[in-house]
Amino acid sequence: MAEINMLQAINDALSIALESDENSILFGEDVGHFGGVFRATSGLQEKFGRDRCFNTPLTEQGIAGFANGLASNGMVAIAEIQFADYIFPAIDQIVNETAKFRYRSGNEFNVGGVTFRTPYGGGIAGGHYHSQSPEAYFTQTAGLKVVVPRNAYQAKGLLLASIRDPNPVIFFEPKRLYRANIGEVPDEDYEIELGKAEVVREGKDITLLAWGAQVEIVEHAADMAAKKGISCEIIDLRTLAPWDVDTLATSVKKTGRLLINHEAPLTGGFAGEIAATIQEECFLYLESPIARVCGLDTPYPLIHEKEYMPDALKTFEAIKATVNF
């Protein structure tokens, strides 16, 4: 296995997807010869030709509509939205067309071959148009799967599984980890099952749940808590829709406590849905209220990015408050 970063792992997954299925097509803003704004598609146009990896106009709604049209005709459409902040013009196509094609036809036709890749999240001094985490906007939409990897190994396996899944998938990539996360990644083709969370670290006093770049944050907080004698179990959700209720509920029944961390704002964030479900599943096992450590209910601030982010120190303080409740 080679040690590569997340961008290289994504590039490898895209290359394998294009090579293994001649019906797959990759497109988006600047993804061709330029290789994408982050170079995730570097070299793919040269390898597979301009007919299978090409640039689109600057129109997110058009990219999504084009993806739907391709997939409805049996193609595998891998569409890049250059930043997750720019996915909003495409919401009508994604929510009202992509997600509902199969349902409204009584399963006579579908666009299950669509995968939308998009970099999300802060930590790169990108300001409010290049730092948002909009995953919760899509978790409420029946017919879509929502996937977020935390490292290079997951990025390759989950992306290949997303592309090959018979349902439309939105694949959010934590861009601050693109080059920062380096790990061993198999050269061969492999998939990681969607809809399954991973227990990253076992513990007995409190369960910490996160996804994407925030898993690393809660790991740092857990290390701080360990010095105070607090044993933290860490779970990476990986797939937000559908999400793995059973794995999390099993953990919370063991620890009696739950803290959820995500970059998106607190209000309306996916942590609220998780908290409500776990409260129903584990009510008699809970030793304290479920805690949420999230982004602030403000536009993403450039100069106050550090204050906005739900970092390890905020998480550590919430861990202590929850354990000592």
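Me: Helices here are DSSP runs of at least four residues and strands are runs of at least two, both numbered from the N terminus. With that in hand, where is Glu202 found?

Reply: Glu202 sits in the loop between S9 and strand S10 (206–210). Please keep in mind that this is a predicted model.

Me: What makes Glu202 exposed?

Reply: Its relative accessible area is 65%. Exposed means over 50%, so Glu202 qualifies. Leaving aside neighbours within four places in sequence, Glu202 is in contact with Cys232 and Glu233. Ser251 is 49 residues away from Glu202 in sequence, yet their C-alpha atoms are 8.9 Å apart in space.

Me: Thanks! Now the salt bridges: how many does the structure hold?

Reply: There are 16 of them. In general, side chains of opposite charge can pair when their charged atoms come close.

Me: How do you know that Lys156 forms a salt bridge with Asp12?

Reply: The closest N and O atoms of Lys156 and Asp12 are 2.7 Å apart. The cut-off is a Lys or Arg side-chain nitrogen within 4 Å of a carboxyl oxygen of Asp or Glu, so the pair counts. This bridge links distant parts of the chain, with Lys156 in helix H7 (residues 152–164) and Asp12 in helix H1 (residues 6–20), 144 residues apart.

Me: Why is Lys156 called buried?

Reply: Lys156 has a relative accessible area of 0%. Buried means under 20%, so the word fits Lys156. Its partner Asp12 has 22% relative accessibility. Partly exposed covers the range between the buried and exposed limits, 20% and 50%, so Asp12 is partly exposed.

Me: What ties Asp189 to Arg164?

Reply: Their side chains meet in a salt bridge, at 2.7 Å from N to O. Asp189 lies in the loop between strand S8 (182–185) and strand S9 (198–201) while Arg164 is in helix H7, so the bridge ties together parts that are 25 residues apart in sequence. Asp189 has a relative accessible area of 38%, and Arg164 has 33%. Both values fall between 20% and 50%, so both residues are called partly exposed.

Me: And what about Lys204 and Asp205: how do you know that their side chains meet in a salt bridge?

Reply: The N to O distance is 3.4 Å, and a salt bridge needs these atoms within 4 Å. Lys204 counts as exposed at 55% relative accessibility, whereas Asp205 is buried at 15%. Elsewhere, salt bridges that share partners join Arg150, Glu198, Asp236 and Arg238 into one network.

Me: Which charged side chain is buried yet has no salt bridge?

Reply: That is Glu29. The nearest side chain of opposite charge, Arg117, is 11 Å away from Glu29. Glu29 is found in the loop between strand S2 (24–28) and helix H2 (44–48). Not counting residues up to four places away in sequence, it touches several residues, including Thr56, Pro57, Glu60 and Gln82.

Me: Which residues form the negative surface patch?

Reply: Asp246, Glu273, Glu280 and Glu281 form it. Helix H10 (residues 270–282) supplies the largest share, three residues, and Asp246 is found in helix H9 (residues 245–255).

Me: What makes Asp246 accessible enough for such a patch?

Reply: Asp246 stands at 60% relative accessibility. A patch residue needs over 30%, so Asp246 passes that limit.

Me: Where is the nonpolar patch, then?

Reply: Phe283, Leu284 and Tyr285 form it on the surface, with about 390 Å² of accessible area together. Tyr285 lies in the loop between H10 and strand S14 (291–295). At 42%, Tyr285 is partly exposed.

Me: Which residues are buried in helix H4?

Reply: In helix H4 (residues 91–98), they are Gln93, Ile94, Val95 and Thr98. They pack against a set of elements, among them helix H3 (60–72), strand S5 (114–120) and strand S7 (169–174).

Me: One more: why is Arg292 called partly exposed?

Reply: Its relative accessibility is 41%, which lies between 20% and 50%, so the term applies. Arg292 lies in strand S14 and is in contact with Ile260, Leu266, Ala271 and Gly272, leaving aside neighbours within four places in sequence.

Terms used:
Residues are numbered from 1 along each chain as its sequence is written. This is a predicted model: local features need pLDDT of at least 70, side-chain atom pairs count only at pLDDT 80 or more; totals for chains, interfaces and linings use all residues. Side-chain values use heavy atoms; hydrogens and water are left out. Patches are made of residues with over 30% relative accessible area and no salt bridge: like charges are joined within 9 Å, nonpolar side chains (Val, Leu, Ile, Met, Phe, Trp, Tyr) within 5 Å. Accessible areas come from the Shrake-Rupley method with a 1.4 Å probe; for residues, only the protein chains shown count as cover. Lys and Arg count as positive and Asp and Glu as negative; His and the chain ends are not counted. The place of a charge is taken as NZ of Lys, CZ of Arg, CG of Asp or CD of Glu. Buried means under 20% relative accessible area, exposed over 50%, partly exposed in between (1.4 Å probe, protein chains only). Contact means heavy atoms within 4.5 Å.
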